[in-house]
Amino acid sequence: MIHILVLYYSRNGSTAQMARHVARGIEQEPSCQAVVRTVPAVSPVSDAVAPPVPEQGAPYATLDDLCACDGLALGSPTRFGNMAAPLKYFLDTTGPLWIQKTLNGKPAGVFTSTSAPSGGQESTLLTMMIPLLHHGMVLSGSALSFPSDSHIQNAVSGTLYGPSHWSQHESSAHLSADCQKICHEFGHRLARIALQLRGLDLS
Ligand SMILES: Cc1cc2nc3c(=O)[nH]c(=O)nc-3n(C[C@H](O)[C@H](O)[C@H](O)COP(=O)(O)O)c2cc1C
């Protein structure tokens, strides 16, 4: 069985919904299982602590989840054209895995949610890729297919860099049918890549 970690942060639910559709796409591949995890919020107040288990939604990720996975789908809302601090904070704890080359050669892809149609989708996705490149991960975007799937290149539902959702309002978590499809296909593609890379030494 191949395990793909779907690791995301979401404050208003859009990225969480994308994660669920990515997970469904992963599990469309019979021998692949999605492991969905989130990260706690961070606070400028240094003594704020998160509850050990989230009140709802996916469990918090640990470094063991990253060690155990065969691939990674990383999702974040856009924050000023970049990933959200809670996700970056978690990634900043992965130094020991970098030293051990734990993620080296594993496939990965990224997805995001923004409130504006040109709100920095691609800059967010690109900057999310950078720590993964430092870990030696093999990056995958969305598949290039046209003319029927030209919505893939539509900034309000997806780019070739990875799925992106246009939430329009902070509180709107509804995903369009296009966006659901893009997340699904992205997850399925990542699962198939993980299957094909299994057993290959890419160091
Ligand atoms: C501090 C902050 C910065 C943000 N920066 C951007 C931005 O640069 N571009 C954009 O389109 N949306 C921006 N947003 C909006 C969120 O990215 C957007 O509402 C997203 O869909 C929320 O995802 P979630 O429902 O998973 O929390 C920002 C939100 C906050 C709180």
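Q: Why does cysteine 179 count as buried?
A: In this predicted model, cysteine 179 has a relative accessibility of 0%. Buried means under 20% relative accessible area, exposed over 50%, and partly exposed in between, determined with a 1.4 Å probe on protein chains only. Cysteine 179 therefore counts as buried.

Q: Which rules of numbering and confidence apply to the model?
A: Residues are numbered from 1 along each chain as its sequence is written, and because the model is predicted, local features need pLDDT of at least 70 and side-chain atom pairs count only at pLDDT 80 or more, whereas totals for chains, interfaces and linings use all residues. Side-chain values use heavy atoms, with hydrogens and water left out.

Q: What makes cysteine 67 partly exposed?
A: Its relative accessible area is 35%, so cysteine 67 falls in the partly exposed class.

Q: How do you know that the sulfur of cysteine 67 is too far from the closest cysteine sulfur for a bond?
A: A disulfide is a pair of cysteine sulfur atoms within 2.5 Å. The closest cysteine sulfur, in cysteine 69, is 8.4 Å from that of cysteine 67, and this is too far for a bond. Cysteine 179 is likewise in no disulfide, with the nearest cysteine sulfur, that of cysteine 183, 4.2 Å away. The structure as a whole holds zero disulfides.

Q: How do you know that the span of helix α6 agrees with its number of residues?
A: Helices are DSSP runs of H or I with at least four residues, strands are runs of E with at least two, and both are numbered from the N terminus. The expected span of a helix is 1.5 Å times one less than its number of residues. For the 21 residues of α6 (residues 177-197) this gives 30 Å, and the end C-alpha atoms are 30 Å apart, so the two values agree. Buried residues of α6 include Cys179, Cys183 and His188.

Q: Why does histidine 188 count as buried?
A: Histidine 188, found in helix α6, has 17% relative accessibility and therefore counts as buried. Leaving aside neighbours within four places in sequence, histidine 188 is in contact (heavy atoms within 4.5 Å) with Gly25, Ile26, Gln28 and Glu29.

Q: Which residues of α5 are buried, and what puts them on the same side of α5?
A: The buried residues of α5 are Gln121, Thr124, Leu125, Met128, Met129, Pro131 and Leu132. They cover an arc of only 160 degrees around the axis, which puts them on the same side of α5; the arc is that of the directions from the helix axis to the C-beta atoms. The face turned away from this buried side carries the exposed residues Leu133 and His134. Among the elements covering the buried residues of α5 are β3 (71-77), α3 (85-91) and β4 (107-114).

Q: What makes phi of phenylalanine 80 notable, and why is this residue called exposed?
A: Most residues other than glycine have a negative phi. Phenylalanine 80 has a positive phi, near 50 degrees, and is found in the loop between β3 and α3. Its relative accessible area is 89%, so phenylalanine 80 is exposed.

Q: Why does lysine 101 count as exposed?
A: Lysine 101 has 59% relative accessibility and therefore counts as exposed. This residue lies in the loop between α4 (95-100) and β4, and its phi is also positive, near 55 degrees.
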